[in-house]
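User: I would like to learn how to read the features of a protein model in a systematic way. Could we work through them on one example?
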Amino acid sequence: MRRVLRTCPLCEATCGLALTLDGDDVVRVEGDPDDPLSRGFLCPKGATIGALHADPDRLRAPLIRRGDALVECTWEEAFAAVAEGLDRVVAAHGKESMGVYLGNPNVHTLAGPFYVPAFVRALGTRHVFSASTVDQMPQHLASGLMFGHPDRIPVPDLDRSDWLLMLGANPVESNGSLCTAPDFPGRLKALRARGGRLIVVDPRRTRTADLADHHVAIRPGMDALLLWAMVQVLFAEGLVDLGDLAPHVEGVEALRALAARFTPEAVASRCRVPAGVIRELARGLAAAERGCVYARIGAHTTAFGSLAAWAVGALNVLTGNLDRPGGSMFPRSALGRPHPGGQGRGFAVGRWRSRVSGRPEVRGEVPTAVLAEEISTPGAGQLRALFTIAGNPARSLPDSARLERALGGLDLLVSVDPYLNETTRLADVVLPPPGPLARAHYDVAFGNLMVRNVARYTPPTLAAEGPDECDILARLTLIASGAGVKADPAWVTMGVMGHLAKGAAGGGTSDAEILAASAGESGPEAILDLLLRTGPYPDLSLDALRAAPSGVDLGPLRPCVPEVLSTRSGRIELAPTLVADDVERLAAVLDEAPPEGLLLVGRRHLRSNNSWGHNVPRMAGGTNRCTLQMHPDDAATRGLSDGDVAAITSRVGRVEAPVEVTDRVAPGVVSLPHGWGHDAAGARLSVAAKSPGVNSNLLTDGAVTDPLSGNARLNGIPVRVTSAV
Ligand SMILES: Nc1nc2c(c(=O)[nH]1)N[C@H]1C(S)=C(S)[C@@H](COP(=O)(O)OP(=O)(O)OC[C@H]3O[C@@H](n4cnc5c(=O)[nH]c(N)nc54)[C@H](O)[C@@H]3O)O[C@H]1N2
Ligand SMILES: Nc1nc2c(c(=O)[nH]1)N[C@H]1C(S)=C(S)[C@@H](COP(=O)(O)OP(=O)(O)OC[C@H]3O[C@@H](n4cnc5c(=O)[nH]c(N)nc54)[C@H](O)[C@@H]3O)O[C@H]1N2
Ligand code: SF4
Ligand SMILES: [Mo]
């Protein structure tokens, strides 16, 4: 028996796990009490990490298409098939016919941040799509325009806050997002225990709402209106107080003018939130000594996601809560690149546009909502060869029936993925990375989102059955760059280090320094070591982290304005033109009649993980079921009772699901979780297929997006619900 410590890679909370192994078998999973961030917490999902690694359906060898079947092959055969396929497509259609879709687990691996960018550069395509445009792109847009960089995302300083307004997030089930806070529920309870107030805005009375002082059951899709009305109240009632931020803020008066028409009275009937409640929220935030507004998925994946994210940032700034302990603060990652702050290059969007419908690029990618049309519309630059890396677009993206048809028509589909699932069953080659216990781990992305700065490194626990995902990506990079299947993957690592070093302050790091930093390390460890050594904390290196397996505590969040800014003005910008123009679109809602009929929203369950959490027996069943939640009044009107099968119809599709009658959803709202629909022919998900559920993205409409960020609208979808019989 041996005990090993590992960071859990299954969600953004990044808990420290203590595993007990008997040989290669995980016999116990506990929280690591010495982890400086998670302090012993773990959730039921983290407890399944051993079962996930041991899942017999997880692929141990690559698959290659022979006629209608995907069959096992050697790694050499698999890479050769990729090279041959790419040559064929590029010869016929040119480089722009290649594309990539990057899924969510890329933020939980080392390959994602370190090797995927090199691969995308080698492809040299503008067909770059990722799960970001069904997720947090509005926040990137807002951060880019407000602070100068899309990845400078402030987080609620949860452990010191005493007033928190949370919109469209349910961290009791999701464990939090764009806010890495293990035991989020415990941290919320602590906030209330020290006299703080928690207000939750959600069309469903969630388990997070159960912890709150106040729950506001907003009409789906209307958070932007509520938040802009709060901005209006701050101005109208003289509650704006920038505090120490004052010298660093630009556009206050312009914002006042933009917000003027969104009075609480004007928005109340659209949001279905009384004007008095909106006023109280604004006053509460202004009065709080350490207050914060925080919004997530439910507020971002709507047609006004960017304006919602914008108003959240603006509210925190206008009340002096940005960059203040207990407010909304910027974490400082141990891998962070030093930047001088002040005036910078700012953030540009629309540097290119999508081929078919001319959607602007944001942060180097175009909206996933246009992936299907880019594949199916003939013409120069038509997407013919797609790489999916850690993604399941056939279940995760809007209007997925159309997308699945498009994927099936590609000349080449290559998937880097450990499962034969709804997407990869359509692939020509599937390249499976090792399981979660057979790889090194460091939270590159979440170091930028932690409520307390920590650094933790985990070496591989078990031997891998095949090449590491970093090696797979390095090989693909060499193939895409024309170096061929036989070239040495170490070249790619050196290239990545050179690229990262150039981004460091002071004109870059010399090749000699790069080599010195990585002496004795190779692959992702060499890159990690370089970044740690040249990052903002002295004395950090990979060896220092190896010596502290529970992690190194780098302390509470600290103020860092203006150093964190890189807008053109060198200040926090509150009213840039792009935002000002989009406000007109929001204002138009005030003149429209409120929508009638039902609006569909999603939800997450504690023991789920997007579309790939259903193949471990302990994750299935219980409350984790694919039901349509509906308010008793709405059910009665339609003659539906608990357990009846309902037909749900939207503009683009129709599904059937059992009804769960509950007053936890507001009248006029129905909820279906995403990530289900595991009955696709050719997939190998033996546990998930036993209770397949339905794919809610058959209903979501790719035609409706947030125009600024390109994010899809996944919540607030007009639907009709009838009895299926
Ligand atoms: N209707 C609706 N749709 C949604 C959402 C919603 O709320 N409602 N949420 C959206 C959000 S927030 C997200 S992030 C997206 C997620 O969208 P995706 O990322 O496309 O989907 P996932 O279900 O996360 O699938 C992850 C894939 O990665 C594979 N995988 C797991 N671990 C690894 C690994 O270590 N390496 C590699 N290479 N692959 C791995 C899994 O087998 C799976 O195929 O879905 C979005 N879709
Ligand atoms: N257990 C589990 N954990 C997960 C995941 C998972 O699938 N399962 N997925 C991970 C991923 S990829 C992400 S991005 C995060 C997301 O983490 P969260 O942002 O916390 O996501 P959800 O739990 O879906 O909570 C979103 C809430 O928004 C509400 N909502 C829907 N529409 C609206 C609206 O218009 N306005 C408001 N105010 N609320 C609305 C929904 O009812 C729901 O309760 O979770 C991560 N963690
Ligand atoms: S909360 Fe997230 S990181 Fe923590 S144990 Fe659960 S799945 Fe893993
Ligand atoms: Mo996500």
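User: How many bridges join strand 1 to strand 2?

Analyst: This is a predicted model. Strand 1 is joined to strand 2 (residues 16-22) by six bridges, and these two strands run antiparallel. Within the pair, V4 stands opposite L19 in strand 2.

User: In what order do the three strands of the open sheet lie?

Analyst: The order is 1-2-3, with antiparallel pairing. Strand 1 (2-7) and strand 3 (25-31) are the edge strands, each paired on one side only. On average, neighbouring strands of this sheet are turned by 30 degrees against each other, direction ignored.

User: How should one describe two packed helices?

Analyst: The general idea is that one gives the angle between the two axes together with the distance between those axes. In this model, helix 18 (residues 469-480) packs with helix 19 (residues 489-502) at an angle of about 90 degrees, and their axes are 8 Å apart. Angles of 65 to 115 degrees count as roughly perpendicular, and helix 18 and helix 19 are therefore roughly perpendicular to each other.

User: Which residues in helix 18 and helix 19 meet?

Analyst: From helix 18 come D471, A474, R475, T477 and L478, which meet P489, W491 and V492 in helix 19. By character, the residues of this contact divide into five nonpolar, one polar and two charged.

User: What should one expect of phi and of the peptide bond?

Analyst: Most residues other than glycine have a negative phi, and most peptide bonds are trans. Against that background, some places in this model deserve attention. R272 has a phi near 60 degrees, a positive value in a residue other than glycine. A390 also carries a positive phi, near 55 degrees. As for the peptide bond, V561 and P562 are joined by a cis bond with omega of about 10 degrees. P562 is found in the loop between strand 21 (552-556) and strand 22 (572-573).

User: Where do R272 and A390 lie, and is each buried or partly exposed?

Analyst: R272 is in the loop between helix 11 and helix 12, just after helix 11. Its relative accessibility is 38%, so R272 counts as partly exposed. A390 lies in the loop between strand 15 (385-389) and helix 16 (393-396). With 14% relative accessibility, A390 counts as buried, because the cut-off for that class is under 20%.

User: Which residues of helix 11 are buried, and what covers them?

Analyst: In helix 11 (residues 264-271), the buried residues are P264, V267, A268, R270 and C271. Their cover includes helix 9 (223-236), helix 12 and helix 23 (577-591). A275 in helix 12 (residues 275-287) touches P264, E265 and A268, leaving aside its neighbours within four places in sequence. A275 is itself buried, with a relative accessible area of 15%.

User: How many residues of helix 21 are buried?

Analyst: Helix 21 (residues 523-533) is mostly covered, since 10 of its 11 residues are buried. Among them are I527, L528, L530, L531 and L532, and also the charged residues E525 and D529.

User: Where is D701 found, and is D701 buried or exposed?

Analyst: D701 is found in the loop between strand 27 (669-671) and strand 28 (717-723). Its relative accessible area is 6%, so D701 is buried. The D701 side chain makes a polar contact of 2.6 Å with the side chain of R651. Neighbours within four places in sequence left aside, D701 is in contact with P398, R651, V652 and R713.

User: Which residues does S709 touch, not counting those up to four places away in sequence?

Analyst: S709 touches T133, M137, P138, L141, S306 and V362. Its place is in the loop between strand 27 and strand 28, and at 2% relative accessibility S709 counts as buried. The side chains of S709 and D706 are joined by a polar contact of 2.6 Å.

User: What separation does one find between C-alpha atoms of S709 and Q382?

Analyst: The C-alpha atoms of S709 and Q382 are separated by 23 Å, and these residues are 327 residues apart along the chain. For A275 and G447, 172 residues apart along the chain, the C-alpha separation is 39 Å.

Notes: Residues are numbered from 1 along each chain as its sequence is written. Chains are lettered from A and ligands numbered from 1 in the order in which they are written. This is a predicted model: local features need pLDDT of at least 70, side-chain atom pairs count only at pLDDT 80 or more; totals for chains, interfaces and linings use all residues. Side-chain values use heavy atoms; hydrogens and water are left out. Helices (H or I, at least four residues) and strands (E, at least two) are DSSP runs, numbered from the N terminus. Buried means under 20% relative accessible area, exposed over 50%, partly exposed in between (1.4 Å probe, protein chains only). Contact means heavy atoms within 4.5 Å. Two strands pair if DSSP finds at least two bridges between them. Axes are lines fitted to C-alpha atoms, for helices over the stretch in contact, and angles run from 0 to 180 degrees between N-to-C directions. Angles under 35 degrees count as roughly parallel, over 145 as roughly antiparallel, 65 to 115 as roughly perpendicular and the rest as oblique. A polar contact is a pair of N or O atoms within 3.5 Å; within protein, one must be able to donate a hydrogen and the other to accept it, and residues adjacent in sequence count only if both atoms are side-chain atoms.
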